[in-house]
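Work through the exercises below with the sequence and the coordinates open. Each task is followed by a solution in steps.

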Amino acid sequence: EGMAEAGDKYAQACLGEMYQCEDGVNMNYSTAVKWYRKAAEQGHAHGKYKFGEMYQYGYGVDRNLSTAVEWYRKAAEQGHADAQDNLGLMYEYGDGVDKNESTALKWFRKAAEHGDAIAQRILTFHVTAADALMTYGYGNYIYIYICGCDRFEFDFDFDGSAVVFVKG
């Protein structure tokens, strides 16, 4: 706790985790929020992410999805993959922001580029027709022309063919 009290943002984020997860100390969400806030205010990406998480779920603070989005965005802009993934989900479902699928996909792509397995899985099943045609071309297994529908989900069969599920 000494380093955190002295202002070390890494120690502050770590201490927040300890209080959130009951790791060597008694669980105390309010204290976790205190340390995440201090780390976040000093620019620590993981501190920003965890501070946003506390607001998303109402741990130690009143639940506020808009505030969660604000802190996820700050961490996501620093390249924090979990924050990018969570921000994508917030946009996909309209939690704390207006629902916006293209913005959701933008954040899922960024998270996937950083190796986030959840975002990679989401992108496997959640693309636009333009993305699929751009990625797989016209001569491969996917050739899709659906009037009035540019959103679908797909999966690959073991033989390499695509199974397409049209949504909307």
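**Exercise 1. Helix α4 and its surroundings**

Task: Decide whether helix α4 is enclosed or open, and state what covers its buried residues.

Solution.
- Note first that the model is predicted.
- Count the buried residues. Eleven of the 13 residues of α4 are buried, so the helix is largely enclosed by the rest of the structure.
- List them. The buried set is Ala-45, Gly-47, Lys-48, Tyr-49, Lys-50, Phe-51, Gly-52, Glu-53, Met-54, Tyr-55 and Gln-56.
- Look for the cover. It includes α2 (9-21), α3 (29-41), α5 and α6 (81-93).
- Pick one residue of the cover. Asn-86 sits in helix α6. Its relative accessibility is 14%, so Asn-86 counts as buried.
- Find its partners. Leaving out residues up to four places away in sequence, Asn-86 touches Tyr-49, Gln-56 and Tyr-72.

**Exercise 2. The length of α4**

Task: Compare the expected span of α4 with the distance between its end C-alpha atoms.

Solution.
- Take 1.5 Å times one less than the number of residues.
- For the 13 residues of α4 this gives 18 Å.
- Now take the model. The end C-alpha atoms of α4 are 19 Å apart, which agrees.
- Step past the helix end. Gly-58, just after α4, has a positive phi of about 70 degrees.

**Exercise 3. Salt bridges**

Task: Find the salt bridges, and say how the partners are placed in their helices.

Solution.
- Recall the principle. Side chains of opposite charge can pair when their charged atoms come close.
- Apply the cut-off: a side-chain nitrogen of Lys or Arg within 4 Å of a carboxyl oxygen of Asp or Glu. The structure holds two salt bridges.
- Take the pair in α4. Glu-53 bridges to Lys-50, and their closest N and O atoms are 2.6 Å apart.
- Check the spacing. Glu-53 and Lys-50 are three residues apart in helix α4 (residues 45-57), and therefore about one helical turn apart.
- Check the burial. Glu-53 and Lys-50 are both buried.
- Take the pair in α5. Glu-70 and Lys-74 form a salt bridge at 3.4 Å, N to O.
- Check the spacing again. Glu-70 and Lys-74 are four residues apart in helix α5 (residues 65-77), so about one helical turn separates them.
- Check the exposure. Glu-70 is partly exposed at 37% relative accessibility. Lys-74 is partly exposed too, at 31%.
- Link spacing to geometry. An α-helix has 3.6 residues a turn, so residues three or four places apart point the same way.

**Exercise 4. Aromatic pairs**

Task: Classify the Phe-51 and Trp-71 pair, then the Tyr-57 and Tyr-59 pair.

Solution.
- Start from the total. There are five aromatic pairs in the structure.
- Take Phe-51 and Trp-71. Their ring centres are 5.0 Å apart and their planes stand at 75 degrees, so this pair is edge-to-face.
- Place the two rings. Phe-51 belongs to helix α4 and Trp-71 to helix α5, so the pair ties together parts 20 residues apart in sequence.
- Add the burial. Phe-51 is buried at 1% relative accessible area. Trp-71 is buried at 11%.
- Take Tyr-57 and Tyr-59. The centres are 5.7 Å apart, with 25 degrees between the planes, and the pair is stacked.
- Add the exposure. Tyr-57 is partly exposed at 43%, and Tyr-59 is partly exposed at 30%.
- Extend the pair. Ring pairs link Tyr-29, Tyr-57 and Tyr-59 into a cluster.

**Exercise 5. A backbone check**

Task: Determine the sign of phi at Glu-22, and locate the residue.

Solution.
- Set the expectation. Most residues other than glycine have a negative phi.
- Read the angle. Glu-22 is not a glycine, yet its phi is positive, about 55 degrees.
- Locate it. Glu-22 lies in the loop between α2 and α3.
- Add the exposure. Glu-22 is partly exposed, at 46% relative accessible area.

**Exercise 6. The whole chain**

Task: Summarise the secondary structure, burial and disulfides of the protein chain.

Solution.
- Count the elements. The protein chain has nine helices and three strands.
- Read the order. The pattern is α-α-α-α-α-α-α-α-β-α-β-β.
- Take the burial. Of the 168 residues, 42% are buried.
- Test for disulfides, with sulfur atoms within 2.5 Å as the cut-off. The count is zero.

Terms used: Residues are numbered from 1 along each chain as its sequence is written. This is a predicted model: local features need pLDDT of at least 70, side-chain atom pairs count only at pLDDT 80 or more; totals for chains, interfaces and linings use all residues. Side-chain values use heavy atoms; hydrogens and water are left out. Helices (H or I, at least four residues) and strands (E, at least two) are DSSP runs, numbered from the N terminus. Buried means under 20% relative accessible area, exposed over 50%, partly exposed in between (1.4 Å probe, protein chains only). Contact means heavy atoms within 4.5 Å. Rings of Phe, Tyr and Trp (its six-membered ring) pair if their centres lie within 6.5 Å; planes under 30 degrees apart count as stacked, over 60 as edge-to-face and the rest as tilted.
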